[in-house]
Amino acid sequence: PPPIISNCHVQGQWPGGGSFTAGVQPNQEGFDMAAYNGFLFDMDGVLHRCGDPIRGAKSFLRLLKETNTPFALLTNECRYTSSDLAKQLHEMLGVQLADNELYTAANSARDFFKRLFRHGFRGSTYVVGEQGLLANLQEAYNSPNVTGKVFSGDDPEPDTPVEYVVIGTINEGSFLSTERSAEFIARGARLVYTCPDYFARRPDGWEFGTPKPTVELLERYAAGGVDQHGRFQLPVCVCV
């Protein structure tokens, strides 16, 4: 079988330089695109750096599109829907991506709950996060015969049964929601989070708001353990 290609393994120069895409050339010795059935990409540091396109990324994505080579972009981003993220990437790279060519941490949370529903779970979930995560969880809860609900913000009433708390991106408006999460967890709700990062990179420095610091505060309340998922190198949800 062909070797797995990664940043560490690819040598040479794709015209213009870059990261993963910098080392991938159709005519490179030892690299035959026809030998691969498809490609999986990370985004930040591979196709762009903090929103700045990496040279060669646009050309390589266009090549994959032109040759109908299957590929998918994987990201621990959970703030946006796949459609919104595809629009951002189109503006950034000039390549139109279908929603199913993107898989985000919010998509992973959606599929986690769909799997629970297939196994009989019907309870409610409280979400701390932005529109991408909320929309994906609501999509999961639209599954047939699901009687539970997705709650966020001031909903639900304090005595409403909540079986799961899902933590996504934390912003300045999330403080009270995080306190409510702790109350639900103290009553036995399980804790799920979308990304184990402590901070994110931005052009002018570092940005806080990724889930892990908040999760560490909430873990001590987690009577049922913590389900960590959304990092795509993990094949299953990991209970910590």
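This note goes through a predicted model point by point, from the whole chain down to single residues.

1. Overall make-up. The chain holds six helices and 13 strands. Of its 240 residues, 46% count as buried. Among contacts with a separation of 6 or more, 69% are between residues 24 or more positions apart.

2. Helix α1 and its buried side. Residues 57-66 form α1, and Ala57, Phe60, Leu61, Leu63 and Leu64 of this helix are buried. Viewed down the axis of α1, these buried residues fall within an arc of 155°, so they line one face of the helix. The general background is that an α-helix has 3.6 residues a turn, so residues three or four places apart point the same way. The cover over the buried residues of α1 includes β1 (39-41), β4 and α2 (82-93).

3. The residue after α1. Asparagine 68 comes just after α1 and takes a positive phi of about 55°, although asparagine 68 is not a glycine. The residue sits in the loop between α1 and β4 (71-75). Its relative accessibility is 68%, so asparagine 68 counts as exposed. For a reader checking backbone geometry, most residues other than glycine have a negative phi.

4. Alanine 72 in β4. Strand β4 contains alanine 72. This residue has a relative accessible area of 16% and is therefore buried, the cut-off being under 20%. Its contacts, leaving aside neighbours within four places in sequence, are Phe39, Leu40, Phe41 and Glu101. Alanine 72 and glutamate 101 are 29 residues apart along the chain, and their C-alpha atoms are separated by 4.5 Å. β4 is also among the elements that cover the buried residues of α1.

5. Tyrosine 80. The loop between β4 and α2 holds tyrosine 80. With a relative accessible area of 26%, tyrosine 80 is partly exposed. If neighbours within four places in sequence are left aside, tyrosine 80 is in contact with Leu85, Gln88 and Gly132. Tyrosine 80 and alanine 106 are 8.0 Å apart from C-alpha to C-alpha, with their positions 26 residues apart in sequence. Both Gly132 and Ala106 also appear in the helix contact of the next point.

6. Packing of α3 on α4. How do the two axes run where α3 (residues 105-118) and α4 (residues 131-141) meet? They come within 8 Å and cross at roughly 20°. The two helices are therefore roughly parallel to each other, an angle under 35 degrees being the criterion. The crossing of α3 past α4 is right-handed. On the α3 side the contact is made by Ala106, Asn107, Ala109, Arg110, Phe113, Lys114 and Phe117, and on the α4 side by Gly132, Leu133, Asn136, Leu137, Glu139, Ala140 and Tyr141. By type, these residues divide into eight nonpolar, three polar and three charged.

7. The loop after α4. Asparagine 145 is located between α4 and β7, in a loop. It has a positive phi of about 70° although it is not a glycine. The relative accessible area of asparagine 145 is 66%, which makes it exposed.

8. A cis peptide bond. The bond from aspartate 155 to proline 156 is cis, with omega near 0°. Proline 156 belongs to the loop between β7 (150-151) and β8. As background, most peptide bonds are trans.

9. Serine 181. Is serine 181 buried or exposed? At 0% relative accessibility, this residue counts as buried. Serine 181 is placed in helix α5. Not counting residues up to four places away in sequence, serine 181 touches Tyr126, Val128, Val165, Ile167 and Leu218.

10. Helix α6 and its cover. The buried residues of α6 (residues 212-219) are Lys212, Thr214, Val215 and Leu218. They cover an arc of only 155° around the axis, which puts them on the same side of α6. The elements over these residues include β8 (164-167), α5 (175-186) and β9 (190-193). Leu218 links this point to the previous one, as serine 181 of α5 touches Leu218.

Definitions and conventions:
Residues are numbered from 1 along each chain as its sequence is written. This is a predicted model: local features need pLDDT of at least 70, side-chain atom pairs count only at pLDDT 80 or more; totals for chains, interfaces and linings use all residues. Side-chain values use heavy atoms; hydrogens and water are left out. Axes are lines fitted to C-alpha atoms, for helices over the stretch in contact, and angles run from 0 to 180 degrees between N-to-C directions. Helices (H or I, at least four residues) and strands (E, at least two) are DSSP runs, numbered from the N terminus. Angles under 35 degrees count as roughly parallel, over 145 as roughly antiparallel, 65 to 115 as roughly perpendicular and the rest as oblique. A crossing is left-handed if the near helix is turned anticlockwise from the far one by less than a right angle, and right-handed if clockwise. Contact means heavy atoms within 4.5 Å. Ala, Val, Leu, Ile, Met, Phe, Trp, Tyr, Cys and Pro count as nonpolar, Asp, Glu, Lys and Arg as charged, and the others, Gly among them, as polar. Buried means under 20% relative accessible area, exposed over 50%, partly exposed in between (1.4 Å probe, protein chains only). The arc is that of the directions from the helix axis to the C-beta atoms.
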